[in-house]
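Please study the sequence and the model shown here before attempting the exercises.

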Amino acid sequence: LSAFRETVGSSNMENDVSLRFHQQLFLISENLVTEDVAALKFLCTDLLHLSKLEGVKSAADIFKLLMAQEYLNAEDTFLLAELLYRIKCHFLLEKLGYTKEKVQEHLREKGRVSPYRQMLYELSENITSENLKEIIFLLQNCLPKQWIILSALDLLTLLEKQGLLTKDNVEILEYICMTISPDLLETIDCYKKTKVLCCNIFSSPNVRTAAKLLKELGVLPLFCPTKMHKRRCVLLSSEEEGTPVDGVFYFSPRLDLNMWKYKLNKFTETVSFFSFLQTMTSYKMDGPHRGFCLIINNVNFNSSQRKGSCKDAEQLERVFTWLGLDVRTYTDLTSGDIKNLMETWQHVQDHKDRNCFICCILSHGKSGAICGTDDKLVSIRMLMSHFTAKQCPQLAAKPKLFFIQACQGDNIQCPVCVDTDGPTPDLSPVQERVSLFESIPEEADFLLGMATVDGYVSFRHTEEGTWYIQALCSKLQLLVPRGEDILSILTQVNEDVARRDSPSGTKKQMPQPAYTLRRKFIFPIPLAPPPS
């Protein structure tokens with residue numbers, strides 16, 4: 001009887017686990033839109049038979065196929081986590097018990113999506129609708145006329161079906177990119193370079209030659225004898241044969257080369273491509289000079305004082321100096337002073353030797369504008385337009401980041417220690433609102449981070465500074481050392497600010513970024529610890 005009860009209990013537990021697992025899959029499926037399903041199908045092309053994938057209508061259909069092939073089960077959900085990570089649905093990872101960082105940590109040994117498939121998907125993400133029309137026109141003699149191509153993934157799938165595109169032959173992609181958009185060639189060149197070097201590594205006659213090639217590939221760092229960096233270095237004489245430490249293998253000259261190659265094959269193939277891809281799809285930030293950072297701190301106005309703003313300015317100066325920027329701070333500028341300052345920096349020739357440009361403005365404001373200390377408005381769009389490629393060629397194709405701490409509406413100030421970052425309201429007619437995307441210039445490589453959405457106030461503690469700037473500085477110090485890009489960091493800033501309340505518990509704030517960045521913006525990790 002006891003044995004029977006144990007069997008029944010065990011069976012019930014298994015049923016509970018299975019039920020929870022299927023509930024997880026259902027919730028994930030419900031949160032994936034048509035484009036996400038198409039991306040999942042494409043990334044699973046090397047894992048599932050094409051004829052089976054053609055019948056897929058929903059994410060749940062894909063999950064069933066993966067389970068049938070034993071790629072996915074209640075005990076091992078990593079493949080699904082990897083797929084969600086690659087299509088950037090990071091918010092769904094928690095339903096599987098993962099985070100973005102945890103997936104990245106395990107991709108090296110558990111990742112199943114091939115570098116070839118990664119490259120194609122990355123390419124599809126950067127092909128615009130206009131690019132797609134041009135490509136279809138360019139290949140009209142190669143494509144079947146009855147085939148409907150709705151997306152870049154459709155096109156790549158069709159090229160593969162016709163045998164025009166394989167992991168060993170990407171010439172048609174090179175031809176397309178060279179003709180339509182040479183910028184896209186970087187992703188393909190990255191894949192080819194990795195593939196060639198991997199071939200050289202695994203045909204090398206000895207361990208030392210292979211290690212040298214791995215260093216060339218950028219997967220393994222150069223030898224460093226210091227104790228601090230010992231775990232990150234390749235110790236060719238180590239006794240710990242083939243042991244992975246911090247994602248890097250320790251080698252011994254006595255280690256059997258075939259065994260070593262076997263252990264490193266998957267590691268190198270996945271990590272090297274990922275490393276190259278991240279470099280090639282990010283803005284160049286490795287120059288001798290990072291760039292200039294301007295901080296405009298307006299405290300004393302004709303009709304009010306922005307107490308606590310100096311705390312923001314000091315924190316911004318510390319953080320951006322730590323990030324390698326040349327910081328210049330300007331205090332209490334009138335509207336005319338601000339315009340003149342932007343015009344002056346527009347013509348600074350030293351921009352050509354810098355990687356980026358950053359401008360932080362701390363002031364009062366209204367919709368689409370900030371205030372000078374004379375209470376006159378200056379259009380945010382006008383300020384940013386000084387740094388377009390035409391107006392400032394030295395910054396062409398380089399990222400230009402603007403962070404604006406100012407109200408974008410006329411709500412009244414909050415009591416006690418919390419002020420609104422807007423001028424004292426008057427009885428004049430309500431100013432016409434300006435869309436955030438109307439404030440940003442109509443060209444690439446800009447980011448505008450606003451402390452609040454249009455029409456609303458932003459909050460400032462009279463001693464501790466503003467919610468937005470303090471959250472921005474805190475998240476930069478926390479997430480830059482983890483290698484996060486600026487948009488991921490600003491998402492965390494949004495979450496931080498959204499959780500805050502005014503002392504009365506009745507007032508909230510939501511920041512809003514807008515951007516025309518073409519690549520990831522990733523600050524190099526500073527050698528020094530964060531300033532606070």
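Three exercises with worked solutions follow.

The model is predicted: local features need pLDDT of at least 70, side-chain atom pairs count only at pLDDT 80 or more, and totals for chains, interfaces and linings use all residues. Residues are numbered from 1 along each chain as its sequence is written, and side-chain values use heavy atoms, with hydrogens and water left out.

**Exercise 1. The open sheet**

Determine the strand order of the six-stranded open sheet and identify a helix that packs on it.

Solution. Step 1: the protein chain contains 19 helices and 14 strands; helices (H or I, at least four residues) and strands (E, at least two) are DSSP runs, numbered from the N terminus.

Step 2: the order is S4-S3-S5-S9-S11-S14, with mixed pairing; two strands pair if DSSP finds at least two bridges between them. Strand S4 (326-331) and strand S14 (512-515) are the edges, each pairing on one side only.

Step 3: within the sheet, strand S3 (residues 289-297) and strand S5 (residues 354-362) are parallel partners over eight bridges. Gly291 has Cys356 in S5 as its bridge partner.

Step 4: helix H15 (residues 335-346) packs on the sheet and touches S3, S4 and S5, where contact means heavy atoms within 4.5 Å. The direction of H15 makes about 170° with that of S3; axes are lines fitted to C-alpha atoms, for helices over the stretch in contact, and angles run from 0 to 180 degrees between N-to-C directions. Helix H19 (residues 486-498) also packs on the sheet, touching strand S9 (400-405), strand S11 (446-450) and S14.

**Exercise 2. The largest nonpolar core**

Which helix gives the most residues to the largest nonpolar core?

Solution. Step 1: a nonpolar core is a set of buried Ala, Val, Leu, Ile, Met, Phe, Trp, Tyr and Cys residues joined through side-chain atoms within 4.5 Å. Buried means under 20% relative accessible area, exposed over 50%, and partly exposed in between (1.4 Å probe, protein chains only).

Step 2: the largest core has 63 residues, and Leu32, Leu84, Ile87, Leu165 and Leu173 touch the most other members. Helix H5 (residues 78-86) gives the most, with seven residues.

Step 3: a second, separate core of 37 residues includes Cys293, Phe320, Tyr468 and Leu517.

**Exercise 3. Two positive phi angles**

Is Glu70 buried or exposed?

Solution. Step 1: Glu70 is not a glycine, yet has a positive phi of about 65°. Glu70 counts as exposed because its relative accessibility is 67%.

Step 2: Asp375, in the loop between strand S7 (369-371) and strand S8 (377-379), has a positive phi near 70°. Asp375 counts as partly exposed, at 31% relative accessibility.
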